[in-house]
Each structure stands twice: as structure tokens, then as C-alpha cells.
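Thanks for making time for this one. I would like to walk through a single structure, taking a few backbone details together with the sheet and the packing, so please keep the view open while I talk.

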Amino acid sequence: MNPADIGFWALVAEDFRTHGRNWGSQGFWTLFWHRFGNWRMSLPRPVRPPFNLLYRMMFKACEIFCGIKLSYNVQVGRRVRLEHFGGMVLGARAIGSDVILRQNTTLGIHSIRDLNAKPVIGNGVDIGAGAVIVGNITVGDGAIVGANAVVTKDVPEGATML
């Protein structure tokens, strides 16, 4: 689920630039292991097990040390910036390109009755600190979700949710 129009290492380099060329950026490392998790799935099954083990260990390390949960099965676009670290649970169906997410953001299900009802975040969306976006909804391109907003309904393109 890495973007098809760019290779793995070019994508990693772009993520590095997006995070200010900061090797210590928790957002960069979380995206790196997310991208790695997707890349490993392109390998033939017989050679995949050591890469699976490495991915699982580093996914857990990102949760513990970076405070960010981003599973490889979330489709993530290009130039996504995990602006601040900590308290991020990013369980969306898709996150578009040029998206900014800040600390304590939750993307995920609204109810345990439907574990697949996750949001889709459009391109160019700006999500403030502490925002909660849950359910089978879409946040349209260029929308702004303010700090501590709780969003449970579709957000139109270019709209601001406070």
C-alpha cells in the first residue's frame, strides 16, 4: 500500500525531507517502519519471515518509544507529516498526501460493533492536536480539523471543523 508512483527509498527520502531532515523525528521513524511493513509484503513468501519479525518488533518499538500506532495496512499517501509525537492512534482506511497530524490524534472505529468502520482522510488535510476522527466517514481534501475536535460525520472538502 505504499504509493505506486515512487520507489521505497525515494519515498523514505521524501518522508525524511517532510520531517525537516531530522533523524530524531518520531514521525519519520514511524512512517519509515510503516513503509517497510508495506515493502516487505512485496517479497516472495519464503523470504518474508525475517522481515516480518523485524517489522513486528519495530512496529511495537514505535508504539512504545514514539507513542504512535500506525499499522502497515493503513494506506498512507506522500509527504504525510506526523508533526508532534505521542498519543497517536492512526487506524484509518486511508490517509491522503500532504496531510499534517499532531499529537494525541485518534483515527479509528466509532463502535466495536463495526471494526471496519474507519475514516478516510483526504489530501491536504490539517488535523489539530487531540482531534478524534472516528467511524466510516470521509474528511474531504483541504479540510481543517481543529484541536480537540470530535468528528463523527463526513467533513466536506475545504471545510473547517472546530
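Let me begin with Arg 21, which counts as exposed because its relative accessibility is 54%, and the cut-off for that word is over 50%. I should say at once that this is a predicted model. Arg 21 sits in the loop between helix H1 (8-18) and helix H2 (26-40), and its phi is near 55 degrees, a positive value in a residue other than glycine. In that stretch just after H1 there is also Gly 20, whose phi is positive at about 70 degrees.

Asp 98 is another non-glycine residue with positive phi, here near 60 degrees, and its place is the loop between strand S5 (94-95) and strand S6 (100-101). With a relative accessible area of 38%, Asp 98 is partly exposed.

Now to H1 itself: which of its residues are buried? They are Phe 8, Leu 11, Val 12, Glu 14, Asp 15, Phe 16 and Thr 18, so that acidic side chains appear in the list beside nonpolar ones. As a reminder, residues three or four places apart in an α-helix point the same way, because there are 3.6 residues a turn. The cover over the buried residues of H1 includes H2 and strand S3 (81-82).

S3 takes us to the sheet, which is open, has five strands with parallel pairing, and runs in the order S3-S6-S9-S12-S14. At its edges stand S3 and strand S14 (160-161), and since each has a single partner strand, one side of each is left without a neighbour in the sheet. The pairing of S3 with S6 is parallel and rests on two bridges, with Leu 82 opposite Leu 101 in S6.

Leu 101 is worth following further. Setting aside residues up to four places away in sequence, its contacts include Val 80, Leu 82, His 84, Met 88, Leu 90, Ile 95 and Ile 127. Where does Leu 101 stand in the largest nonpolar core? That core has 28 residues, and Leu 101 is listed with Leu 90, Ile 95, Ile 121 and Ile 133 as those with the most contacts inside it. A second, separate core of 10 residues includes Phe 8, Phe 32, Trp 33 and Phe 36, and Phe 8 is also one of the buried residues of H1. In general terms, nonpolar side chains tend to be buried together in soluble globular proteins.

Definitions and conventions
Residues numbered from 1 in each chain as written. Predicted model: local features only at pLDDT ≥ 70, side-chain atom pairs only at ≥ 80, totals over all residues. Heavy atoms only, no water. Helix = DSSP H or I, 4+ residues; strand = E, 2+ residues; numbered from the N terminus. Buried < 20%, exposed > 50% of the residue type's maximum accessible area, 1.4 Å probe, protein only. Core = buried A, V, L, I, M, F, W, Y, C linked by side-chain atoms within 4.5 Å. Contact = heavy atoms within 4.5 Å. Pairing = 2+ DSSP bridges.
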